[in-house]
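Work through the exercises below on charged side chains. Each task is followed by a stepwise solution.

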Amino acid sequence: MNSNNCSFIFQCIISAGVVNGKEIRYNHHSYKLQSTIKSQMEENMENVFIMDHPLIQHKISMLRNKNTGTNEFRMCFTDPAQGTKSAQYIGEHGLATKVAVLYDSSADYNSGINDAFVAAAEENGLEVVADEAYTADSNTDFSVQLKKIKDSGAELLFLPNYYADNALILQQAHDAGMDDVKKFGVDGMDGILGVENFDTSLAEGVMLLTPFSATAEDEKSQAFVKAYEAANKDEVPNQFAADTYDVLYAMKAAADAAEITPDMENADISAAMSEAMLSVELDGLTGKAKWTEDGECDKEPKAFEIQDGAYVEME
């Protein structure tokens with residue numbers, strides 16, 4: 001997690017009344033864990049309480065192999081869950097019935113979301129009329145795939161890729177006369193408006209699931225953006241800052257509910273907070289969240305549409 005994110009949010013928590021009236025201290029370690037720190041975490045995993053951030057998912061998976069995982073909880077959707085949630089959202093909101101996918105099959109993130117999306121399509125009233133792939137070695141020319149998608153009669157193109165690839169795809173789809181085909185992405189699409197030399201008018205109407213947007217107009221998001229920018233020299237918070245905010249407030253909620261105190265043993269703190277997490281319901285920046293016994297986050301996705309160069313939350 002970005003040290004600016006954590007430091008700022010810890011100050012918010014302290015201002016809000018600390019944890020059970022007790023002082024807390026902030027000690028930041030990079031998600032690029034040094035070998036000594038990683039070794040210590042492995043040896044003492046039963047005494048560690050972790051909220052998973054997307055940038056350290058591989059570290060959490062590595063640590064899970066050493067224990068039952070009962071004291072690990074995730075804030076973000078898993079990558080496949082974004083595919084499932086996208087299919088649900090598209091179907092429930094009647095955005096299309098015939099859909100196509102164009103994804104990078106050489107990347108776990110992209111292919112995992114694609115597989116889950118395709119698997120969930122039929123039960124959500126969607127027909128996948130084209131499921132086209134490319135690889136990292138062929139991510140500059142999408143003409144062959146786009147022609148197949150255009151000929152398929154797809155009403156919506158699902159793009160579970162990162163924004164750099166999607167910027168090229170949107171440009172080439174426009175050149176291929178596919179402006180009438182709706183475009184839908186996931187959190188990897190976030191950032192497309194900042195791609196160098198990209199014609200942002202091509203992103204108008206693009207829809208995406210992402211947990212947070214700094215341009216969202218709700219009072220809670222705007223208050224967070226204003227305070228974060230003031231604390232970080234006008235740096236605009238991204239979705240990871242919002243995730244971090246919710247991570248730390250979820251941990252605070254669990255600590256409050258468990259009534260932990262500084263004199264408790266680490267193992268007792270971990271056990272008490274883990275039990276408390278199952279009853280915590282957080283109305284956070286990234287949505288209303290609660291947790292299952294396997295540590296997964298159960299929350300509804302947020303959908304945004306790009307309008308006039310800004311993210312507008314969809315119903």
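**Exercise 1.** Describe the salt bridge of Glu296 with Arg74.

Solution. Glu296 pairs with Arg74, their closest N and O atoms lying 3.0 Å apart. A salt bridge here is a side-chain nitrogen of Lys or Arg within 4 Å of a carboxyl oxygen of Asp or Glu. Next, place the partners: Glu296 sits in the loop between β9 (287-291) and β10 (297-299), Arg74 in strand β2 (residues 72-74), 222 residues apart. Strands are DSSP runs of E, at least two residues; helices are runs of H or I, at least four; both are numbered from the N terminus. Then check burial: Arg74 is buried at 7% relative accessible area, while Glu296 is partly exposed at 23%. Buried means under 20%, exposed over 50%, partly exposed in between (1.4 Å probe, protein chains only).

The model is predicted: local features need pLDDT of at least 70, side-chain atom pairs pLDDT 80 or more, and totals for chains, interfaces and linings use all residues. Residues are numbered from 1 along each chain as its sequence is written, and side-chain values use heavy atoms, without hydrogens and water.

**Exercise 2.** Which helix holds Lys147 and Asp151, and how many residues apart are they?

Solution. Both lie in helix α6 (residues 143-152), 4 residues apart, so about one helical turn separates them. Their side chains form a salt bridge at 2.8 Å, N to O. Lys147 is exposed at 54%. Asp151 is exposed too, at 54%.

**Exercise 3.** Analyse the salt bridge between Lys252 and Asp256.

Solution. The closest N and O atoms are 2.7 Å apart. The two residues are 4 apart in helix α9 (residues 239-258). Lys252 is buried at 14%; Asp256 is partly exposed at 26%.
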